[in-house]
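Here are a few friendly notes to read alongside the model. I have kept to one helix and a handful of charged pairs, so please have the viewer open as you go.

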Amino acid sequence: MSTSDPDPRAIFGERRHLIALAYRLLGSLTEAEDAVQETYARWYGLSPRQQEAVESPGAWLTTVAGRICLDLLGSARVRRERYVGAWIPEPLPDRTEWIGGPADPADRVALHESVNMAFLVVLESMTPAERVAFVLHDVFRYPFAEIAEIIARSPAACRQLATSARRRVRAAQAPAETAATATAGQAGLVRRFKEAWEARDIKALVGLLDPDATMVADGGGLVGAALRPVEGGERIAQYLIHMAAKAPGLMLLERTVNGRPGLVAQYAGTTVTVAAFDLAADRITHIWAVRNPEKLRAWNREDTP
């Protein structure tokens, strides 16, 4: 039992960590912020005596946030089955490129390799329990004994969940790991891709795309977007040229997307598409194009005081 009331500054100081955790678990900054808000509501719903009895408020907050996210992941699976088209995690700008500056929450999630789009897409393939066990252990280094309290399973079961999740990550990322981590090389490749797209040079685009490349778009039924993945370098190039012809005045900008070089498309000063990339052997293998305006609020947020 603590000998004094928890310091409110220390309690609120956990917000950065909680947002970072919840975003990785949920793939949505909006949902992460809501989950953390609910976590704090439950903390402040405790009586002063109950708060004082908590030996580690930070651990308590993490446990509650993890349980809230676990519940949300279960319901999210049902919602995403009804989602129009493909569902892609919400893209994040680099904190230095965030409109209005690197404001809270979490300096916009303290970007790290564990928030790159390819990684988040793999997380989406996991069961809720796998995702929570893996993220807490492999990303945030929580011991399995503590994870067991969050997902209501034994430490041994949590270890097995994390191991299963780890195999998924390795299977999905191993072929592109070396090239994908070469940020400078990716930046150059994305720049050439941008220039070829602006020039409507289909031959150049095909040369930059892996023959088996895949492009997935997320419009959420709110804006136009391909409902199914576009597969093959030539088909992707043709699709992009077609889209460029339909959208005169579209401006392409090189930006950091989830910690890696990506592209942002703006029309009349408003971000309408954010594209993340993955690559292997100096070719683009995956493009994730987020067009759902509800997922682009961070890219269009007005400056705040």
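**Notes on salt bridges and a buried helix**

1. Let me begin with Arg79, which is partly exposed at a relative accessible area of 36%. Please keep in mind throughout that this is a predicted model.

2. The partner to look at is Glu31, whose salt bridge with Arg79 brings the closest N and O atoms to 2.9 Å apart. Glu31 lies in helix H3 (residues 29-44) and Arg79 in helix H5 (residues 57-81), so the salt bridge ties together parts that are 48 residues apart in sequence. Glu31, like its partner, falls in the partly exposed class, with 21% relative accessibility; the cut-off for buried is under 20%, so I would read that label with the number beside it.

3. A second pair sits within helix H3: Arg42 and Glu38 are 4 residues apart there, about one helical turn. Their side chains meet in a salt bridge, with 2.9 Å from N to O. Arg42 is partly exposed, its relative accessible area being 41%, and Glu38 is partly exposed as well, at 34%.

4. Do have a look at Lys295 and Asp218, whose side chains form a salt bridge at 2.5 Å, N to O. This pair links distant parts of the chain, 77 residues apart: Lys295 is in the loop between strand S6 (283-290) and helix H15 (297-300), while Asp218 belongs to strand S1 (residues 209-218). Are these two residues buried or exposed? Both Lys295 and Asp218 are buried, whereas Arg42 and Glu38 from the previous point are partly exposed.

5. Stepping back from single pairs, the model has 11 salt bridges by the rule used here. Some share partners, and in this way Glu31, Arg79, Arg80, Glu124 and Arg131 are joined into one network. The Glu31 and Arg79 bridge from point 2 therefore has both of its residues in that network.

6. Why can helix H7 (residues 117-124) be called largely enclosed by the rest of the structure? The reason is that 6 of its 8 residues are buried. These are Met117, Ala118, Phe119, Leu120, Val122 and Leu123.

7. One last detail concerns the N-terminal end of H7, which is capped by Asn116. A side-chain oxygen of Asn116 lies 3.0 Å from the backbone nitrogen of Ala118, and Ala118 is itself one of the buried residues of the helix.

Technical notes: Residues are numbered from 1 along each chain as its sequence is written. This is a predicted model: local features need pLDDT of at least 70, side-chain atom pairs count only at pLDDT 80 or more; totals for chains, interfaces and linings use all residues. Side-chain values use heavy atoms; hydrogens and water are left out. Buried means under 20% relative accessible area, exposed over 50%, partly exposed in between (1.4 Å probe, protein chains only). Helices (H or I, at least four residues) and strands (E, at least two) are DSSP runs, numbered from the N terminus. A polar contact is a pair of N or O atoms within 3.5 Å; within protein, one must be able to donate a hydrogen and the other to accept it, and residues adjacent in sequence count only if both atoms are side-chain atoms. A salt bridge is a side-chain nitrogen of Lys or Arg within 4 Å of a carboxyl oxygen of Asp or Glu.
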